[in-house]
Amino acid sequence: MSTVDKYFELVDQHQQKFIETLREVVAIPSVSSDASRRGEVVRMGEWLQARWEALGATCKRVDPGKQDLHGLELDLPPVILGQYGNDANKKTVLVYGHYDVQPALLEDGWDTDPFTLVETADGRLVGRGSTDDKGPVLGWLLCAETHKQAGLDFPVNLKFCFEGMEESGSEGLDDIIVAEADKWFKGTDVVCISDNYWLGTSKPCLTHGLRGVSYFHLQIEGPGADLHSGVFGGTVHEPMIDLVHLLSTLVDPNGRIKVPGIYDQVMAETEEEERSYEGLEFSHNALAGDLKRDVIIHSDERMTLKHRWRYPTLSIHGVEGAFYAPGDKTVIPARVRGKFSLRTVPNMEPARVAELVTQYLNAEFAKLGSKNVMKVIETHGGRWWYSSPNHPNFVAAARATERVYGVTPDLTREGGSIPVTLTFEENLGVNVLLLPMGAADDGAHSINEKIDKRNYIQGIKLLGAYLHEISVTDLNATMA
């Protein structure tokens, strides 16, 4: 029996123990956005550090500094860096994950206590953080523990970086990665991140692209104070009317961005990319089911995926300063801020996006002849990430997936952003792979978040199989 097959056998034998370990960490309410639970976030980080050190890993706790959370100064949770194994003859893999979670309350609509892991009759492991991201983070630990307890040779040197602020903007993490690039992270051959999801619910995937995001505030300022609409309606330029008009000029009802030049930087499609949409586990019926209503713009499933993955999109998120409470109020707000974002794709540059958006809104505002004052404020300009699925890192992951699941994985991109992906790639100069454990219906950030028992157990196998495949892969091989 090969080492990998022996490892698979042991994972199967210890399924219940692995579920109990997940139950233990789900019970730690490590909500990074809640000041009252900051101590629990720290406790979760310390739990990970202690468990890895007990295994023999060398760990380094890095404190990112202070945070101002709604006027309250708090210590940021620690970033736990570690290394397991230091064999010069083995490759070194860096893995990233986060141990903080989204807020969750029973009264939000959960069927059970969100911080008590429940195993359902249909094989779901329900609990906050089960899929995002405690299950995958545990996967690396349980993989290493299983190898050691069985006397199996661990195939690589494993470095890890686990943070406790991902759900709250990863504050302080980028600075640590930059500072440690030629120190703790030196010698890294590849990076693997398990913090995303399959495209569907039955077929695994590898993810090789993420969209960036540029976020804007559009501010309109008029009179010095809010006004009574009965007295001043029709006699002054109303900031809210200007704002609603301008927001309506940004995007049409079918999602087409109306800012001139915004599509000029978009990478042209290739024949290889066009072929990559064939045979993916994706259907409009399933998507409409998830949405609880068929509000899908496109009739062609391929076009839906393209607008999620490889075309820019613009979404309007809300208005600050306007009346929004229940009931009626006849106020003319003096200053309002509309908030919108663009999801960017290869090869769009954030600076050029901001320039085009600002130019366009200035021109549209001038057409109104309004005496109000308009200001466009870019609050964030994060870049997209794209990697070739032909890189040896992805080839190794594909072989591992086939070994565990018996199918060739889908090659996907994501519509969202995981900024740390680009930070690792740019500062370490190595390939980054996204290797998801959970499925599309896991409900990360939602009520009744879950990971299927199948995905959790097979995912632990997958992470181990990936490390074994990397150990025998020529990372300098020419990509097809």
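Select Phe 424 in this predicted model and display its surroundings: leaving aside residues up to four places away in sequence, Phe 424 touches Leu 94, Tyr 96, Cys 161, Ile 177, Phe 185, Val 191, Ile 193, Gly 429 and Val 432. Now extend the selection to the largest nonpolar core, which holds 90 residues and in which Phe 424, together with Trp 52, Tyr 456 and Tyr 466, touches the most other members. Colour helix H14, residues 453-471, within that selection, since the largest share of this core, 9 residues, comes from this helix. Apart from this core lies another one, of 30 residues, and to find it you can pick Ile 257, Val 259, Leu 356 and Phe 365, which are among its members.

Next, go to helix H1, which spans residues 3-13, and show the side chains of Val 4, Tyr 7, Phe 8, Leu 10 and Val 11, the buried residues of this helix. If you turn the view until you look down the axis of H1, these buried residues fall within an arc of 165°, and they therefore line one face of the helix. What do the buried residues of H1 pack against? Add helix H2 (15-26), helix H4 (134-149), helix H12 (392-405) and H14 to the selection, because these are the helices against which the buried residues of H1 pack.

Then hide the helices and select strands S6, S7 and S20, which form an open sheet of 3 strands in the order S6-S7-S20, with antiparallel pairing. The edge strands, each pairing on one side only, are S6 (118-119) and S20 (450-452). Strand S7, residues 124-126, is joined to S20 in the antiparallel sense over 3 bridges, and to inspect one bridge pair you can label Arg 124 and its partner in S20, Asp 452.

Finally, zoom out to the whole protein chain, which has 14 helices and 20 strands. Its radius of gyration is 24 Å, close to the 23 Å that the globule rule gives for 480 residues, so the chain is as compact as a globular protein of that length. Along the principal axes, the C-alpha atoms fill a box of roughly 85 × 50 × 45 Å. If you colour by burial, 52% of the 480 residues count as buried, and if you switch to the accessible surface, the area comes to about 20,900 Å², of which 49% belongs to carbon and sulfur atoms. A contact map completes the tour: among contacts with a separation of 6 or more, 80% are between residues 24 or more positions apart.

Key
Residues are numbered from 1 along each chain as its sequence is written. This is a predicted model: local features need pLDDT of at least 70, side-chain atom pairs count only at pLDDT 80 or more; totals for chains, interfaces and linings use all residues. Side-chain values use heavy atoms; hydrogens and water are left out. A nonpolar core is a set of buried Ala, Val, Leu, Ile, Met, Phe, Trp, Tyr and Cys residues joined through side-chain atoms within 4.5 Å. Buried means under 20% relative accessible area, exposed over 50%, partly exposed in between (1.4 Å probe, protein chains only). Helices (H or I, at least four residues) and strands (E, at least two) are DSSP runs, numbered from the N terminus. Contact means heavy atoms within 4.5 Å. The arc is that of the directions from the helix axis to the C-beta atoms. The radius of gyration is taken over C-alpha atoms; the globule rule is 2.2 Å times the number of residues to the power 0.38. Accessible areas come from the Shrake-Rupley method with a 1.4 Å probe; for residues, only the protein chains shown count as cover. Two strands pair if DSSP finds at least two bridges between them.
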